[in-house]
Amino acid sequence: GIVLVAINPYEQLPIYEQDVIYAYSGQNGGDMDPHIFAVAEEAYKQMARDEKNQSIIVSGESGAGKTVSAKYAMRFFATVGGSASETNIEAKVLASSPIMEAIGNAKTTRNDNSSRFGKYIQIGFDKRYHIIGANMRTYLLEKSRVVFQAEDERNYHIFYQLCASASLPEFKDLGLSK
């Protein structure tokens, strides 16, 4: 399959806008520059042609931009599938509650708010290849972080939030003690 190496520029670039999505839509893999939209287009095209499930694996180190790349791929699917304005699927699928962020994110040496979750996102399409739903499963990857953190890293955010709120009246209802 296709392999794309992407680098997180840590700033917004104009290479992920709507007109770029339309430029990649319907193109063959080698016709355009390498891009997350080229990978998404190839998966979308093969899904429609072969009527088989497709997978895009986004891998990398902490802070590499994996979640952002997944958002861009979903934005591509929502746009070419004609459902971008009606469902805003990327926002719905990737919307994590503050509680989930607190439980699964921690400060690492590379990122102050790094997700320590693995994510598996399934997007469902109808017979016209429009997005009809999505599901995201999360897997806590670093259970050891609860009892040990490397130098200059921190435990999960929830630990510090609980410590900071220990004097609040609501805290006693949690059944936790000092």
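**Helices α2 and α3 and the annotated binding site**

In this predicted model, helices α2 and α3 are oblique to each other. Two packed helices are described by the angle between their axes and the distance between the axes. Here, the axes of α2 (residues 36-50) and α3 (residues 66-80) cross at roughly 50° and come within 9 Å. Angles from 65 to 115 degrees would count as roughly perpendicular and those under 35 degrees as roughly parallel, so the crossing of α2 and α3 is classed as oblique. The crossing in which α2 passes α3 is right-handed.

On the α2 side, the contact is formed by I36, F37, A40, E41 and Y44, while α3 contributes S69, Y72, A73, F76, F77 and V80. By character, the residues of this contact comprise nine nonpolar, one polar and one charged.

The second topic is the annotated site. An unreviewed UniProt entry places the feature "binding site" at G60, E61, S62, G63, A64, G65, K66 and T67. Of these residues, G60, A64, G65 and K66 are included in the lining of the second largest pocket.

Two of the annotated residues can be located further. S62 is found in the loop between α2 and α3, whereas T67 belongs to helix α3. Leaving aside residues up to four places away in sequence, S62 touches T108, R110, N111, S114 and R116.

Conventions
Residues numbered from 1 in each chain as written. Predicted model: local features only at pLDDT ≥ 70, side-chain atom pairs only at ≥ 80, totals over all residues. Heavy atoms only, no water. Axes fitted to C-alpha atoms, helices over the stretch in contact; angles between N-to-C directions. Helix = DSSP H or I, 4+ residues; strand = E, 2+ residues; numbered from the N terminus. Parallel < 35°, antiparallel > 145°, perpendicular 65-115°, else oblique. Left-handed = near helix turned anticlockwise from the far one by under 90°. Contact = heavy atoms within 4.5 Å. Nonpolar A, V, L, I, M, F, W, Y, C, P; charged D, E, K, R; others polar. UniProt positions renumbered as here; feature names shortened; annotations may be inferred. 1 Å grid on protein atoms, 1.4 Å probe; cavity = no way out; pocket = protein on both sides within 12 Å on 5 of 7 lines; lining within 4 Å.
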